[in-house]
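Subject: Structure for you to look at

Dear colleague,

I am handing over a structure that I have been going through, and I would be glad if you kept it open while you read my notes below.

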Amino acid sequence: MFKKVIRQQYKKLRSEIPSKEKLQLDDLLLLQFQQLNCNSIQSLLTYWPMANTNEPNTHLFSSYLRHTILGLQIAYPLSNFEANEMKAVLIDEQTVYTTTAIGITEPKFGDVLQPENIDVVFVPLLTCDINGNRVGYGKGFYDKFLSKCNTNVIKIGFSYFDPIDKIDDTNSFDIPLTFCITPHRIYEF
């Protein structure tokens, strides 16, 4: 299947998950995530889940890490829509956020965490295939950013659904995940 078709199908599937079930699925994702050994990480790039897309609650996963890893640096993306690029901006209790016209909540400003200094990236997705290739929202922000990261960066996607067999239109710019965490299993690629 091609990304465009997969994107439409999984947006619809995710939008149909009832609120109560979504809360349960997020809890199951957290339980799976807690099985990963994250003790050696010092920096995380996460993202604010968009309410209008029914994304997994990444706040659960980043909060878990923040409470278990002393001194963890946490960054959120700050997007440049004209260049289709983003940078990682460090956050703290004083961070001021803004929400873009398309519903992305991001820091207004802050110190930049260089891509090569990031240990873990939570990568948004609609689904992925059994090789770790993902279908995102189609703008290429994360693939461009991940190409600048250290080759050892851990790329984690969270999905309510198991991976599909194959995405037919992957290309050389697509950067596969390291892990896809689902409510009942961790897939390692």
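The largest pocket has a volume of about 740 Å³, and please bear in mind throughout that this is a predicted model. Its lining is made up of 34 residues, and those that lie nearest the centre of the largest pocket are Tyr 137, Gly 138, Lys 139, Phe 141 and Tyr 142. Sorted by class, the lining of the largest pocket holds 16 nonpolar, 9 polar and 9 charged residues, and among the elements that each supply at least two of its residues are α1 (3–15), β2 and α4 (141–146).

The second largest pocket encloses about 270 Å³ of space, and 13 residues line it, with Arg 66, Ile 74, Ile 91, Asp 92 and Glu 93 nearest its centre. Two or more residues of this lining come from each of α3 (58–68) and β2, with α3 giving the most, namely 4 residues.

Strand β2 (residues 73–80) also pairs with strand β3 (residues 85–90), in the antiparallel sense and over 6 bridges, and within this pairing Pro 77 stands opposite Ala 88. The two strands form a hairpin with 4 residues between them, where Asn 84 in the turn has a positive phi of about 55°. On β6 (residues 112–113), which runs antiparallel to β3 and is joined to it by 2 bridges, the bridge partner of Ala 88 is Leu 113.

Finally, Pro 176 sits in the loop between β10 (154–158) and β11 (179–182), and because its relative accessibility is 33%, Pro 176 counts as partly exposed.

With best wishes

Key
Residues are numbered from 1 along each chain as its sequence is written. This is a predicted model: local features need pLDDT of at least 70, side-chain atom pairs count only at pLDDT 80 or more; totals for chains, interfaces and linings use all residues. Side-chain values use heavy atoms; hydrogens and water are left out. Two strands pair if DSSP finds at least two bridges between them. Buried means under 20% relative accessible area, exposed over 50%, partly exposed in between (1.4 Å probe, protein chains only). On a 1 Å grid over the protein atoms alone, a cavity is a set of points where a 1.4 Å probe fits but cannot get out, and a pocket is an open set with protein on both sides within 12 Å along at least five of seven lines; lining residues have an atom within 4 Å of a point. Grid points are joined across faces, edges and corners, and a volume is the space filled by probe spheres set on the points. Ala, Val, Leu, Ile, Met, Phe, Trp, Tyr, Cys and Pro count as nonpolar, Asp, Glu, Lys and Arg as charged, and the others, Gly among them, as polar.
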